[in-house]
Amino acid sequence: MIVLARGQLMYQGSPQNVTLHLSRMGRKVPKGESAIEFLIDVIQEYDQSEFGVEVVAEFARSGRKPPQLTEEEMSVSTAAPTPPPANRGHDWKNNRRLALKASEDSDYGFDRSVRSPYNNTSRSWSASHIGIVHQLRFTPTRQRTDQKAPNPMSSSPGYYTYSSDILPGTPTPHSSDYTVNENDYLTPDVAPKTVQHLGPKFANSIFPEIWILMRRNFKNIRRTPELFLSRLVVLTVMGVMMATMFMNPKISMQGITNRLSFVIFTVCLFFFSSNDAVPAFIQERFIFVRETSHNAYRASTYTIAGLITYLPFLALQAGVYACIVWKALELRGPFYYFFIVLYASLLSTNSFVMFVSSVVPNYILGYAAVIAFTALFFLFCGYFMNSHDIPVYWKWMNKVSTMTYPYEGLLMNQYQTNQTFGYDPNMKPVTGFGILSSLEISTVEFKKWENVIIMIGWAAFYRLCFYIVLRFGSKNKRT
């Protein structure tokens, strides 16, 4: 791994050695934070300080330990860093930057590096923008002196004033992220409302942004395949176990019980298999906060890209499990409906777990919340007590439970028929419609698809809640 800043080498080596590299520098990585993320923070802190990134580059080259920063200097700005000046000097003896020599015949003596909240673009200032400065009547309020010293009020680490080395008409090296501060340089007769945004807030539009995030997600899955393969292996092993345990069910009451047990176990298995999404997002939260605080992308595109990335993998998991158990258990009904129910169940539970992971502060509380909701959903799904027998003040839990709809959907697909599946103690045949009627489950055909639509609706609802938490609940501050 190679880390560069302002064209200089900051670090070169294995990602596992970043922590050791920072400790030699005198910076300890906080507990629970990524060492690579913290290294970028340190580089930005030095870049915003009077020492600059040159001291970090010197440490990477020769091992010369950089000077320690004060607490005031250890605050990384969320604005984009200033582009490197062409003729920056450096006092290696004192490890401090040297400002460019100011020209005495410059007509504009103000510091162009002061930040302004009215600009957030990557467009560069040039001499052609002088007309804008004249039109807005920006005039310096501080008196110039003959001293050629750097302006202490400048918030840019490598600020520039006009110099005899910079010819008129040559574009300045500063981007519009660093322009004049209206509180210091606006004359009283000019209102701040005249200042306009000069560019878009985000670097990319929505669709290219989604594509970029999707490519990054696929690369992460390719680099860490165990995150996906672990769930696939679990579903494959459990599918083989179900197929061998309930193989060739008999036409009896015990055979009916075996099929009911298989259905409820499958619903719970698919719900619990989505729990691995809890630590996945919590570990990515630091990266998300950093990148969105720099307007690298939108929370909406992050949500959409994550959903689209998961779709083919969830389909593969549902398909593998369905293929293993379908023939072995002699299940009836359309196979494609059986697959769609499993797929929609995975999609809704994954969306629910992602929403929970965005609310909780750590994965321990996340697991506790998911397990608690799983127990509630399991209790009110209709397996232990028919939906019509649940007390009226708890019926809403039966509707909220994401286990209710795959449970009823799988049973309707299996038993919406007059086929005999067993005999009662009086030797009367027990048909599929009779089983559904005893469970207070609808025997109407279109109700099967209504359950699928409800599961997809729950998936969309929880994804929307996930987006709202990211968009409005995040303060763009790293904890």
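# Chatting through a predicted fold

Analyst: In this predicted model, β1 and β2 run antiparallel to each other, joined over four bridges.

User: What sits between those two strands?

Analyst: Two residues, making β1 and β2 a hairpin. R6 is in the turn and has a positive phi of about 55°.

User: And which residues are on the covered face of β1?

Analyst: V3 and A5 are on the covered face of β1, which spans residues 2–5. I2 and L4 make up the uncovered face.

User: Who's the bridge partner of I2 in β2?

Analyst: That's Q12, which belongs to β2, residues 8–12.

User: Is Q12 buried or exposed?

Analyst: Exposed, because its relative accessibility is 56% and the cut-off for exposed is over 50%. Setting aside residues up to four places away in sequence, Q12 touches M1 and I2. Q12 and R61 are 49 residues apart in the sequence, with 9.8 Å between their C-alpha atoms.

User: OK, zooming out. How many helices and strands does the chain have?

Analyst: The protein chain has 16 helices and six strands. It runs to 479 residues, of which 46% count as buried.

User: How much area does the chain expose, and what share comes from carbon and sulfur?

Analyst: About 25,300 Å² is exposed, with carbon and sulfur atoms supplying 62% of it.

User: What share of the contacts is long-range, say 24 or more positions apart?

Analyst: That share is 74%, taken over contacts in the protein chain with a separation of 6 or more.

User: Let's talk about the nonpolar core. Which residues touch the most other members of the largest one?

Analyst: F262, F338 and L411 do, in a core of 76 residues. The element that gives the most to this core is α11, with 11 residues. Another core lies apart from it, with 21 residues, including M25, A35, V42 and V55.

User: What does F338 contact?

Analyst: Beyond its neighbours within four places in sequence, F338 is in contact with F262, A322, V325, W326, L331, L410 and N413.

User: Back to α11. How far apart are its end C-alpha atoms?

Analyst: They're 37 Å apart. Helix α11 covers residues 335–359, so its 25 residues should span 36 Å at 1.5 Å a residue, and the two values agree.

User: Why call α11 largely enclosed by the rest of the structure?

Analyst: Because 18 of its 25 residues are buried.

User: Where is N350, and what does it touch?

Analyst: N350 is in α11, and it counts as buried because its relative accessibility is 0%. Leaving out neighbours within four places in sequence, N350 contacts R231, S274, A277, Y310, L314 and R463.

User: R463 is in α16, I think. Which residues of α16 are buried?

Analyst: R463 is one of them. The others are K448, N451, V452, M455, W458, A459, Y462, C465, F466 and L470. What covers the buried residues of α16 includes α9, α10, α11, α13 and α14.

User: How does the span of α16 work out?

Analyst: Helix α16 takes in residues 446–473, so at 1.5 Å a residue its 28 residues should span 40 Å. The end C-alpha atoms are 39 Å apart, which agrees.

User: You listed α13 in the cover. What about K399 there?

Analyst: K399 lies in α13, residues 395–400, and it's exposed, with a relative accessible area of 53%. Not counting neighbours within four places in sequence, K399 contacts Y405 and W458. K399 and C381 are 18 residues apart in sequence, and their C-alpha atoms are 8.3 Å apart.

User: Speaking of C381, how many disulfides are in the structure?

Analyst: Zero, searching the whole structure. For C381, the closest cysteine sulfur is in C268, and at 6.7 Å that's too far for a bond, because a disulfide needs the sulfur atoms within 2.5 Å. C381 is also buried, with a relative accessible area of 1%.

User: Last one: how do β5 and β6 pair?

Analyst: They pair in the antiparallel sense over three bridges, with β5 at residues 420–423 and β6 at residues 429–431. In β6, P429 is the bridge partner of Y423. β5 and β6 also form a hairpin, this one with five residues between the strands, and M427 in the turn has a positive phi of about 65°.

Methods
Residues numbered from 1 in each chain as written. Predicted model: local features only at pLDDT ≥ 70, side-chain atom pairs only at ≥ 80, totals over all residues. Heavy atoms only, no water. Buried < 20%, exposed > 50% of the residue type's maximum accessible area, 1.4 Å probe, protein only. Contact = heavy atoms within 4.5 Å. Areas by Shrake-Rupley, 256 points an atom, 1.4 Å probe, with all protein chains shown as cover. Expected span 1.5 Å × (residues − 1). Pairing = 2+ DSSP bridges. Core = buried A, V, L, I, M, F, W, Y, C linked by side-chain atoms within 4.5 Å.
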